[in-house]
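Q: I am new to this structure and would like a close look at just one part of it: the charged side chains. Please tell me where they sit and what surrounds them.

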Amino acid sequence: MSNDEVPTRIHALKIGAQAAGALALGALAIGALAVGALAIGRLVIGRSRIRRLEIDELVVARLHVTNLLTVPSTAAIENDRGKKQESKRFNQPTTVDRAINKLFGLFVGVGLGLPHNYLLQVRGRTSGRIYSTPVDVLDRDGKRYLVAPRGYTQWVRNAIASGTVSLKKGRRSEEFGIRLLSDDEKPEILKSYLDRYKLTVQRYFPVAAGSPTEAFRPLTGEYPVFELIPRR
C-alpha cells in the first residue's frame, strides 16, 4: 500500500462514519416524532373520553332533576300506553307470502274461495288509499270476528284509526263498524279461530290447535281481535 492511498482510505472511513451517524440521528428523530404523535393522540382521546363522561353525567343529572320535578299527566300515561301498543308483535310477511296473498286476494275479489274467505278493505290512516288483504272471518254465536294472526299489521292499525272496514267477495261488498276486543274476551275467540282454520294459521301460533282455552290467555296481547258490527 502506497503512502498516497492511506489518507484516501482514512478520508473515506470518516465520510462513512459521518453518514452512519447522520442516519442514526435521523432514525432517532423519526422515532421521537412517532412517540410524540402517539402521546398527543392518546392525550386527545383521553380528553375526548373525559369530555363525553362529563356530558353524559350532565345529561343524566338533568334527566334526574326533570323526573323529580315532572309529574306525568293522565294524557301522557295514555299516550305512552298507545305507543306500547304500537310496538307489539308483528310477524312480517315474506316476499312469497305477499305474492300468495296478492294472488289469493284476486281470486276472492272475483267471488272464489271458501265461505269464510273475504277480501278485507280498509282506508290507509295516512295515505287515504284503500288497501285490500284476504282474511278468514270467524262466525261464532251469531257474531262475526276478525283475527289478526300476524299481530299488529298495517291493516290492523288502519282499521283502528278508521273505525270501519269492508268485506268484499265478488260483486258484494259490506261495510262494518269494528270493536276491538279486550284481552279478557280473546281466549275463546282465538281458540275457535285456530281450531277452525288450523291448516292455514297454525304457523302463527305457539300453541297447537285443540289446546284448552287457558293456553291462549298468555297470548292475548299479541293478537288483535275485532268484532264486526253491521252498518244498518
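A: Let's begin with a word that will come up often: two residues are in contact, or touch, when heavy atoms of theirs lie within 4.5 Å. What you see is a predicted model, in which local features need pLDDT of at least 70 and side-chain atom pairs count only at pLDDT 80 or more, while totals for chains, interfaces and linings use all residues. Residues are numbered from 1 along each chain as its sequence is written, and side-chain values use heavy atoms, with hydrogens and water left out.

First, the setting. The protein has 6 helices and 6 strands (DSSP runs numbered from the N terminus, H or I of at least four residues for a helix and E of at least two for a strand). Starting at the N terminus, their order is α-α-α-β-β-β-α-β-β-α-α-β. Of the 232 residues, 28% are buried (under 20% relative accessible area, with exposed meaning over 50% and partly exposed in between, for a 1.4 Å probe and protein chains only). Among contacts between residues at least 6 apart in sequence, 64% join residues at least 24 apart.

Now for the charges. The structure contains 10 salt bridges (a side-chain nitrogen of Lys or Arg within 4 Å of a carboxyl oxygen of Asp or Glu).

A good place to start is Arg203, in the loop between H6 and E6. Arg203 counts as exposed because its relative accessibility is 56%. Leaving aside residues up to four places away in sequence, Arg203 touches Asp97 and Arg150. These three residues, Asp97, Arg150 and Arg203, are also joined in a network of salt bridges. The chain brings another part alongside, too: the C-alpha atoms of Arg203 and Pro149 are 9.1 Å apart, although 54 residues separate them along the chain. Finally, the side chain of Arg203 has a polar contact of 2.7 Å with the side chain of Tyr204 (N or O atoms within 3.5 Å; within protein, one must be able to donate a hydrogen and the other to accept it, and residues adjacent in sequence count only if both atoms are side-chain atoms).

Next, follow Arg140 to Glu188, whose side chains form a salt bridge with an N to O distance of 3.5 Å. Arg140 belongs to strand E2 and Glu188 to helix H5, so this pair ties together parts that are 48 residues apart in sequence. Glu188 is partly exposed, because its relative accessible area is 43%. Helix H5 has an inner side as well: its buried residues are Lys186, Pro187, Ile189, Leu190, Ser192, Tyr193 and Leu194. They pack against E2, strand E3 (143–147), H6 and strand E6 (225–230).

Just past strand E2 comes a small oddity. Asp141 sits in the loop between E2 and E3, and its phi is near 55 degrees, a positive value in a residue other than glycine. Most residues other than glycine have a negative phi. With a relative accessibility of 67%, Asp141 counts as exposed.

Strand E6 takes part in a salt bridge of its own. There, Glu227 pairs with Arg179, and their closest N and O atoms are 3.0 Å apart. Glu227 is in strand E6 and Arg179 in strand E5 (residues 172–180), so this pair also links distant parts of the chain, 48 residues apart. Glu227 is buried, at 12% relative accessible area, whereas Arg179 is partly exposed at 31% relative accessibility.

Another pair is Arg217 and Glu214, whose side chains form a salt bridge of 3.2 Å from N to O. Here Arg217 is partly exposed, at 36% relative accessibility, while Glu214 reaches 53% and counts as exposed.

Last comes a charge without a partner: Lys169, in strand E4 (residues 164–169). Side chains of opposite charge can pair when their charged atoms come close. Lys169, though buried, has no salt bridge, and Asp136, the nearest side chain of opposite charge, is 8.9 Å away (Lys and Arg count as positive, Asp and Glu as negative; His and the chain ends are not counted). What Lys169 does have is the backbone oxygen of Leu114, which lies 2.4 Å from a polar atom of the Lys169 side chain. Beyond four places in sequence, the residues that Lys169 touches are Val108, Gly109, Gly111, Leu112, Gly113, Leu114, Pro115, Asn117 and Tyr118.
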